[in-house]
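Trainee: Could you take me slowly through one part of this model, explaining each term as it comes up?

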Amino acid sequence: MNGSAVDRAKSFDLLIVGAGMVGASLLCALLPVIREQGLKVAVVEAFALPESYSPDQYQLSYDARSTALSWGSSNILRKIGVWDQLRSAVTPIERIHVSDKGHFGSVRIKAADYGVEALGYVVENAWMGQVLLDQIKQQGVTFLCPAQVVELLPGSDVTQIVIEEQGKQLRIDAQLVVIADGGRSGLSEKMGMLVDKHDYQQQAIIANVTAQQPHNNVAYERFTSEGPIAMLPLYEHKEDQVAQSRCALVLTVDRSGVDDLMALSDSDFLEQLQQRFGFRLGRFLKVGERYAYPLSLRWAKDQFRPGLVVVGNAAHTLHPVAGQGFNLALRGVADLAALLGEAAQMGRPLGSADVLRQYSKLRQQDQEKTIRFTDGSVRLFSNNDLLLSRLRDFGLVTLDLLPVTKRLFAQQAMGFGQSALARTDWKN
């Protein structure tokens, strides 16, 4: 580090890189121990924070990006104290319908069969981010934004990080640095952490669509020869004349064909979507702004160093099929917060290798299971081999008919991983 170019150090007990949904969730989960132990906490974020607003002031955007929260994730959000505010603008998923285009096999899962009010919920990312940030803004947390990480040096006693904020560089010391800034930052790889990668040679087209028929709180997962389609129910104002007809679309396509689909007019794009999805929602009437991004599996096999840990997409980026990514991240947040709370109460350094090793071991099984489930689904349903297609069809029929296997599938879809917080209120 060039001492002449860097302002004097500030010291914190905990520093989180990234104030998105994962980083903000971790802070919310840690608020009780932050208050009780008087921890000094800072957040480094690349973008300026949005202005606060109340639920009555929040304006739904037709083009807003959304996330599917599993039932287990809603339990975690209840535990950390944000669910009551968040739920004012979420859509419950009461049923899930899984099908394979051109085959008769399908699976239908109902929340009522498992004693819960919903299998999961769909929430706009902007609303969830605002609710989480509002929870922590008044808690004495230092926000450094917009700012970029310039250098990061983990250590057994203290981790040093250099950030650039408003054209100036600042050196920060922290017992523990948590990297929660997503899968594209590359900070974990810069630290020499081993990362497994697999490029699916696919892209996801994200958009919101309006259908002719109401979604009735059903989430659809439709496998096609071109790639899976997810259609998630979205919230509407009650006075809206097309209430319950807006859905969040995740359309997976081969990378070679994405440019052609993105270049289509809205009407031609909806016609292509209609051919792939079918008419379970009637005709598609409107599509909002379309976004496309490449799909890959990225898994950091080595997720900590003394004084440093990676979480969320920085640790594992999954294919969007089955909507497992954020839910897996939130279970990790819950476990990390619990272990850090115990360490703080016992007077142990937050960045202790023993604490972080315990976290890594705790998360390994859930990560492996969820990655196998997601990656296996993509590989199985993206293969057009005749024998495999018949096996898939038989498998979906069998899964729908056998209560034991269907219950296991439902548990995975509902996000009951290894986190004790996620399993709270499981009825069966």
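Mentor: Let us begin with one pair of residues: Leu-69 stands opposite Tyr-121 in strand β7, strands here being DSSP runs of E with at least two residues, and helices runs of H or I with at least four, both numbered from the N terminus. This is a predicted model, in which local features need pLDDT of at least 70 and side-chain atom pairs count only at pLDDT 80 or more, while totals for chains, interfaces and linings use all residues. Residues are numbered from 1 along each chain as its sequence is written, and side-chain values use heavy atoms, with hydrogens and water left out.

The strands β3 and β7 (residues 120–124) run antiparallel and are joined by 5 bridges; two strands are said to pair if DSSP finds at least two bridges between them. They belong to an open sheet of 3 strands, whose order is β3-β7-β4 and whose pairing is antiparallel. At its edges lie β3 (66–70) and β4 (90–93), each of which pairs on one side only. On average, neighbouring strands of this sheet are turned by 25° against each other, with direction ignored; the axes are lines fitted to C-alpha atoms, for helices over the stretch in contact, and angles run from 0 to 180 degrees between N-to-C directions.

Helices also pack on this sheet. Helix α2 touches β3 and β7, and its direction makes about 90° with that of β3, where contact means heavy atoms within 4.5 Å. Helix α4 (residues 125–136) likewise packs on the sheet and touches β3 and β7, its direction making about 90° with that of β7.

We can now follow α2 to another helix. Two packed helices are described by the angle between their axes and the distance between the axes. For helix α2 (residues 71–79) and helix α8 (residues 325–345), the axes come within 10 Å and cross at roughly 35°. This crossing of α2 and α8 is left-handed, a term used if the near helix is turned anticlockwise from the far one by less than a right angle, whereas clockwise would be right-handed. On the α2 side, the residues in contact are Ser-73, Ile-76 and Leu-77, and these meet Asn-327, Leu-330, Arg-331 and Ala-334 in α8. Sorted by class, the contact of α2 with α8 has 4 nonpolar, 2 polar and 1 charged residues; here Ala, Val, Leu, Ile, Met, Phe, Trp, Tyr, Cys and Pro count as nonpolar, Asp, Glu, Lys and Arg as charged, and the others, Gly among them, as polar.
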